[in-house]
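Subject: Structure for your files

Hello,

Here is the structure I said I would pass on. My notes on the surface follow below it.

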Amino acid sequence: MDHLTENVKKLLLLGIGAAATTAEKSKDIIDDLVKKGEITVDQGKVLNEELKRKASNKVSDAMLNRVEKLSKEEREALKAKLAEMDSEEAEKQED
């Protein structure tokens, strides 16, 4: 179970890191285009939101692909870990 927990943690961190890096880079590129006058600020905001959405979708797809490759036992352990995380989050919200 610890091995799976560590793998889930790595998977989540990888997904978060990929999304953050992509969002940061896209914002930099869009800011440069706005500064050069090639697009308006409003167009930049719309484009940035679209890029963030697409990056998030790609990360989600990659994570699902990884989960699909897990064995039945690993999926059961993942379900248990997610249920535990949900329970912990609910307890925090009650406080």
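Helices here are DSSP runs of H or I with at least four residues, numbered from the N terminus. Please keep in mind that this is a predicted model.

Nonpolar patch

Two helices, α1 and α3, each supply at least two residues of the nonpolar patch on the surface. The members of this patch are L12, I16, L82 and M85, and together they have about 330 Å² of accessible area. One of them, I16, is found in helix α1. I16 counts as exposed because its relative accessible area is 56%, and the cut-off for exposed is over 50%.

Next to I16 in the numbering

G17 also belongs to helix α1, which covers residues 2-35. With a relative accessible area of 29%, G17 is partly exposed; that class lies between the limits of 20% and 50%. G17 and V59 are 42 residues apart in sequence, and their C-alpha atoms are 9.6 Å apart in space.

Negative patch

Which residues gather in a patch of negative charge on the surface? They are E88, E91, E94 and D95. Of these, E94 sits in helix α3, which runs over residues 72-94. E94 has a relative accessible area of 67%, so it is classed as exposed.

To sum up, the surface carries a nonpolar patch made of L12, I16, L82 and M85, and a patch of negative charge where E88, E91, E94 and D95 gather.

Regards

Notes. Residues numbered from 1 in each chain as written. Predicted model: local features only at pLDDT ≥ 70, side-chain atom pairs only at ≥ 80, totals over all residues. Heavy atoms only, no water. Patch = residues over 30% accessible without salt bridge, like charges linked within 9 Å, V, L, I, M, F, W, Y side chains within 5 Å. Areas by Shrake-Rupley, 256 points an atom, 1.4 Å probe, with all protein chains shown as cover. Salt bridge = Lys/Arg side-chain N within 4 Å of Asp/Glu carboxyl O. Lys, Arg positive; Asp, Glu negative; His and termini not counted. Charge placed at Lys NZ, Arg CZ, Asp CG, Glu CD. Buried < 20%, exposed > 50% of the residue type's maximum accessible area, 1.4 Å probe, protein only.
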